[in-house]
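Biologist: I am new to this structure and would like to go through it with you. May I put some short questions as we look at it?

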Amino acid sequence: MTNEGPLQKHYCSQFDPSYNADADQQAKDAGFDSWGMMMVDRCPAGSAVLPRWANPDLPVITAWMTKVPVTGSATQVVLERNPYYFKVDTEGNQLPYIDEMRLRVSQSAEELTLAALNGEIDMMDRYFNTITNKPLVYDNQEQGGYHLVDEVLATMNTMVIQLNLNHPDPVLNKLFNDKNFRIGLSYGIDRQEIIDSVFTGQGEPARPDPRRVAPVSLAQPA
């Protein structure tokens, strides 16, 4: 297994000519241009969530396994609880608690926003929860039959300036590595002004630590 897939060697090695001499031909027989294209399709790594959901045969150590895969015409993806998931709660109960999740496949963020406003979604925290949409979503809670909840995310901040301490320009390199310069730059940023003008007053000044509350998450029932 790898941390990014996760990818299971026993399964994915069949698509790699380093382990399977017939991998390239098998890929072409399956309609792929090369073994690499088939590998990407059957064993997508990194943050490629949707491609992973397209292959129910892919072994995973994550909380959910694909039961009904996403396809080009799919309107719904069904995930089922992984009985071998390794995490437990503080009482020793294996996670996740829910046996099955049904995820709606939408064609656009606008469609998701309308579905959220109409109370058609049980839980949602992506795509529709923008700064622009928040007033609309907030005002429509009673009519839509939903309510908003705060989420504490692991992401460190909304926006961070990071200086390249290995900059090839010797002048900039020296400047960026000067602690006093970085302190002065920090003091020179009007964080509250940015919050007020860019984020319509939502949020608070914070260091780039693992703490942030997502202000717009939708849950049912109200």
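Biologist: Is Tyr11 buried or exposed?

Modeller: This is a predicted model. In it, Tyr11 has a relative accessible area of 13%, so it counts as buried, the cut-off being under 20%.

Biologist: And Phe15, buried or exposed?

Modeller: Phe15 is buried too, with a relative accessible area of 6%.

Biologist: What do Tyr11 and Phe15 form?

Modeller: A search of the whole structure gives three aromatic pairs. One of them joins Tyr11 and Phe15 in an edge-to-face arrangement, with 5.4 Å from centre to centre and 75 degrees between the planes.

Biologist: Which residues make up the largest nonpolar core?

Modeller: That core has 10 residues: Leu7, Tyr11, Cys12, Phe15, Ala27, Phe32, Met38, Met39, Cys43 and Leu58. At least two of its residues come from helix H1 (9-12), and at least two from helix H3 (35-42). There is also a second, separate core of nine residues, among them Leu112, Ala115, Ala116 and Leu117.

Biologist: Why would such residues gather?

Modeller: In soluble globular proteins, nonpolar side chains tend to be buried together.

Biologist: Back to Leu58: what is it in contact with, leaving aside neighbours within four places in sequence?

Modeller: Leu58 is in contact with Tyr11, Cys12, Arg42, Cys43, Pro44 and Arg52.

Biologist: You mentioned Leu112 and Leu117. Which residues in H5 are buried?

Modeller: In H5 the buried residues are Leu112, Thr113, Ala115, Ala116 and Leu117. Just after H5 comes Gly119, which has a positive phi of about 70 degrees.

Biologist: New topic, pockets. What volume does the largest pocket have?

Modeller: Its volume is about 1500 Å³. The lining of this pocket counts 39 residues, and those closest to its centre are Trp53, Leu79, Met101, Leu103 and Arg104.

Biologist: Which element gives the most to that lining?

Modeller: S3 does, with five residues. Helix H4 (49-53), strand S1 (64-68), strand S2 (76-81), strand S3 (100-104), helix H5 (109-117) and strand S4 (123-124) each supply at least two.

Biologist: How many residues of the lining fall in each class?

Modeller: There are 23 nonpolar, seven polar and nine charged residues in the lining.

Biologist: Now the loops. Where is Tyr85?

Modeller: Tyr85 lies in the loop between S2 and S3. Its relative accessibility is 14%, so Tyr85 counts as buried. Not counting neighbours within four places in sequence, Tyr85 has contacts with Ile61, Thr62, Ala63, Gln94, Leu95 and Pro96. The C-alpha atoms of Tyr85 and Met65 are 9.9 Å apart, while along the chain these two are separated by 20 residues.

Biologist: And where is Asn140 found?

Modeller: Asn140 sits in the loop between helix H6 (134-139) and helix H7 (141-144). With a relative accessibility of 14%, Asn140 counts as buried. Residues up to four places away in sequence aside, Asn140 touches Leu117 and Tyr146.

Biologist: Finally, the whole chain. How many helices and strands are there?

Modeller: The protein chain has 10 helices and eight strands. Of its 222 residues, 25% are buried. Among contacts between residues at least 6 apart in sequence, 49% join residues at least 24 apart.

Conventions
Residues are numbered from 1 along each chain as its sequence is written. This is a predicted model: local features need pLDDT of at least 70, side-chain atom pairs count only at pLDDT 80 or more; totals for chains, interfaces and linings use all residues. Side-chain values use heavy atoms; hydrogens and water are left out. A nonpolar core is a set of buried Ala, Val, Leu, Ile, Met, Phe, Trp, Tyr and Cys residues joined through side-chain atoms within 4.5 Å. Buried means under 20% relative accessible area, exposed over 50%, partly exposed in between (1.4 Å probe, protein chains only). Helices (H or I, at least four residues) and strands (E, at least two) are DSSP runs, numbered from the N terminus. Contact means heavy atoms within 4.5 Å. Rings of Phe, Tyr and Trp (its six-membered ring) pair if their centres lie within 6.5 Å; planes under 30 degrees apart count as stacked, over 60 as edge-to-face and the rest as tilted. On a 1 Å grid over the protein atoms alone, a cavity is a set of points where a 1.4 Å probe fits but cannot get out, and a pocket is an open set with protein on both sides within 12 Å along at least five of seven lines; lining residues have an atom within 4 Å of a point. Grid points are joined across faces, edges and corners, and a volume is the space filled by probe spheres set on the points. Ala, Val, Leu, Ile, Met, Phe, Trp, Tyr, Cys and Pro count as nonpolar, Asp, Glu, Lys and Arg as charged, and the others, Gly among them, as polar.
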